[in-house]
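Here are my notes on the model, set out as numbered points. Please read them with the structure open.

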Amino acid sequence: MTDCLLVMTTTPDAAVAKCLAHKLLENKLAACVSLMPAMTSLYHWQGDIHESTEHLLLIKTQTMHYQAIETFLLTNHPYDLPEIIATTITQGLPAYLGWIKESTQE
């Protein structure tokens, strides 16, 4: 088990994705944010099935920053209910995991 997390969120377009990524990095809440190209999401929302184009952000961080990331995304995200999912990184290249920790030191 490590002290690192992979946090995922989706955005409606690349501009929003880049803006959120830059702010997370500037605040040292993330070591790296990978922006995935446009994808199609199908989902239930307000009683209907919707389809939209979204961009996925993969946020690499430390567990101790999760609450700050969640608060940041809830405050700055354009969606009423943004996808915010975190999964523990249980294994990985030790040097890479060390870099995540180093890059997100307070």
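1. How many bridges join strand 1 to strand 4, and do they run parallel or antiparallel? Eight bridges join the two, and the strands run antiparallel. Strand 1 covers residues 4–11. Take Val 7 as a marker: its bridge partner in strand 4 is Ile 59. Note that this is a predicted model.

2. Strand 4 also pairs with strand 2, residues 32–35. Four bridges join them, again in the antiparallel sense. Here Ser 34 has Leu 58 of strand 4 as its bridge partner.

3. Strand 3 (residues 39–45) is another antiparallel partner of strand 4 (residues 48–62), with seven bridges between them. Two pairs help to fix the register. Met 39 is bridged to Glu 54, and Thr 40 stands opposite Thr 53.

4. What links strand 3 to strand 4? The two form a hairpin, with two residues between the strands. Check Gln 46 in the turn: its phi is positive, at about 50°.

5. Now the largest pocket. It holds about 280 Å³ of space. The lining counts 14 residues, and those nearest the centre are Tyr 43, Trp 45, Glu 54, Tyr 79 and Leu 81. Strand 3 and strand 4 are the elements that give two or more residues to this lining. Strand 3 gives the most, with five residues. Glu 54 thus appears in two places in this note: as the bridge partner of Met 39, and among the residues nearest the pocket centre.

6. What is the make-up of that lining by class? Six residues are nonpolar, five are polar and three are charged.

7. Next, the cysteines. A search of the whole structure turns up zero disulfides. For Cys 4, the nearest cysteine sulfur belongs to Cys 32, 12 Å away. The reverse holds too: Cys 32 is in no disulfide, and its nearest cysteine sulfur is that of Cys 4, at 12 Å. The cut-off applied to a sulfur pair is 2.5 Å, so a pair has to lie within that distance to count as a disulfide.

8. Is Cys 4 buried or exposed? Cys 4 counts as buried because its relative accessibility is 0%. Cys 32 has a relative accessible area of 22%, so this residue is partly exposed. The limit for buried is under 20%.

Conventions
Residues numbered from 1 in each chain as written. Predicted model: local features only at pLDDT ≥ 70, side-chain atom pairs only at ≥ 80, totals over all residues. Heavy atoms only, no water. Buried < 20%, exposed > 50% of the residue type's maximum accessible area, 1.4 Å probe, protein only. Pairing = 2+ DSSP bridges. 1 Å grid on protein atoms, 1.4 Å probe; cavity = no way out; pocket = protein on both sides within 12 Å on 5 of 7 lines; lining within 4 Å. Points joined across faces, edges and corners; volume = space filled by probe spheres on them. Nonpolar A, V, L, I, M, F, W, Y, C, P; charged D, E, K, R; others polar.
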